[in-house]
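Colleague: Could you take me slowly through one part of this model, the surroundings of the bound ligand, and set beside it whatever else in the backbone and on the surface deserves a careful look?

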Amino acid sequence: MTDVFAPARLGPLTLRNRVIKAATFEGRTPDALVTDELIEFHREVAAGGVGLTTVAYCAVAPGGRTDRHQIWMRPEAVAGLRKLTDAVHAEGAAASAQIGHAGPVANAASNRLPALSPSPMFSPLGMRFMKVPNEFEIRELIDAHVRAARLAEESGFDAVEIHFGHNYLVSAFMSPLLNRRKDAYGGSLANRARLAREIACAVKEAVGGRLAVTAKLNMEDGRPGGLTLPDSLQIAAWLEADGALDALELTAGSSLLNPMLLFHGDAPRRAFAKTLPGPARWGFRLMGRAFLKEYPYQEAYLLERARQFRRELSMPLILLGGITNHDTMRTAMDEGFDFVAMGRALLREPNLLRRIQSDFTTRSACVHCNECMPTIYTGTRCVLRPVR
Ligand SMILES: Cc1cc2nc3c(=O)[nH]c(=O)nc-3n(C[C@H](O)[C@H](O)[C@H](O)COP(=O)(O)O)c2cc1C
């Protein structure tokens, strides 16, 4: 039986265990640059025992941010990121940069740059139409991912996680609901998967063998007409055949159209509404219940879907979603997953893993109220965690 606390290979890396801190856009980057608070956030998670912590969000272009305070990968960001990766390494963990382009989830008003979407679409966040990239601009986007991966390497990261989920740009290209293009990047499933495959291969060519290259892939969007699980399985099989990725992290849902599928548990409608600008807040009053649906929480709530990927694929897989205790970690290992990733439980208690390691009966204090979700605008945190 695989021990979740035993060292494990991830591409060229050896991690001290099989637990990854999942990306939870941390904020704490007011000038789109690393701050001491962000360094401390990851140092604390690393000291808490994870094998790998994921720094989110590292946009590949300034217009690819969900707001302008997020880091975008540029030479000025390297010194701060280097301090961050040094701090994580000093605690014995490795560091991954989540790179990607938010696409239709980008806030054009905040970025003062157009959001991108595969096909014409109005952005309620930016209150304007999004820009549809042509094939030349798509090539530039692929190059932007390569540049971001190279900068991640320069910054001392051990891995990059490419964002192929949540209807961010690449995931939006996979969705037949959002992608109605007639060119080589739209239409058939193969065409809709093309951008993901080209980015994965280009990033691998740039940094592969030195950095681990992983991707966070939607198993389904959870919206009628969006990416379905059978289609995602086929995309995953192509990604596996391309051989560019060292592991796939499996997620579901859409930050744009169905965010609660990512999380399950309580829908923090009131707190979320408060974060929206005037007109969007009115829209949310009318549509909030449909937008923030409730999915009952249970441990490993994505396992049923992820099992189908485990059955079809031989590449390393990272199970995500409601992993908070040793029993669930053991289930994941028994079912053949190579790693587990944890988000909210580590926001609640960054040292949870150390406590689990010394006592397997330890239970998480996270109650999946999801009130951490709207804190992304003010410095991501667990609202139940005492302020020190
Ligand atoms: C506050 C918050 C911010 C998040 N930000 C990101 C992000 O920047 N990128 C991403 O891929 N997922 C993000 N997620 C989703 C998590 O990575 C993860 O998929 C989700 O929380 C489910 O895992 P969990 O049950 O362990 O929390 C975020 C989650 C939370 C709670």
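Modeller: Let me begin away from the ligand, with Phe-122, which lies in strand 7, residues 122–123 (helices, H or I with at least four residues, and strands, E with at least two, are DSSP runs numbered from the N terminus). This is a predicted model, in which local features need pLDDT of at least 70 and side-chain atom pairs count only at pLDDT 80 or more, while totals for chains, interfaces and linings use all residues. Residues are numbered from 1 along each chain as its sequence is written, and side-chain values use heavy atoms, with hydrogens and water left out.

Phe-122 has a relative accessible area of 38% and is therefore partly exposed (buried is under 20%, exposed over 50%, partly exposed in between, with a 1.4 Å probe and protein chains only). Together with Met-127 and Phe-129, Phe-122 forms a nonpolar surface patch with about 340 Å² of accessible area (Shrake-Rupley method, 1.4 Å probe, for residues only the protein chains shown counting as cover). Such patches join nonpolar side chains (Val, Leu, Ile, Met, Phe, Trp, Tyr) within 5 Å, or like charges within 9 Å, among residues with over 30% relative accessible area and no salt bridge, meaning a Lys or Arg side-chain nitrogen within 4 Å of an Asp or Glu carboxyl oxygen.

Turning to the ligand, Ala-23, Lys-216, Gly-322, Gly-343 and Arg-344 come nearest among the 21 residues around the ligand (those with a heavy atom within 4 Å). That shell divides into 11 nonpolar, eight polar and two charged residues (Ala, Val, Leu, Ile, Met, Phe, Trp, Tyr, Cys and Pro being nonpolar, Asp, Glu, Lys and Arg charged, and the others, Gly among them, polar). A backbone N or O atom of Phe-25 lies 2.8 Å from a ligand nitrogen, a polar side-chain atom of His-163 lies 3.1 Å from a ligand oxygen, and a backbone N or O atom of Gly-322 lies 2.7 Å from a ligand oxygen. With these contacts described, the protein covers 95% of the 610 Å² of accessible area that the ligand has on its own.

In the backbone, the peptide bond from Ala-56 to Tyr-57 is cis, with omega near 10°, and Tyr-57 belongs to strand 4, residues 52–59. His-264, in the loop between helix 8 (260–263) and helix 9 (269–274), is a residue other than glycine with a positive phi, near 55°, and is buried, since its relative accessible area is 7%. Asn-370, in the segment after helix 14 (352–358), is likewise not a glycine yet has a positive phi, near 65°, and counts as buried at 1% relative accessibility.

Note on methods:
Polar contact = N/O pair within 3.5 Å; in protein donor to acceptor, adjacent residues only side chain to side chain.
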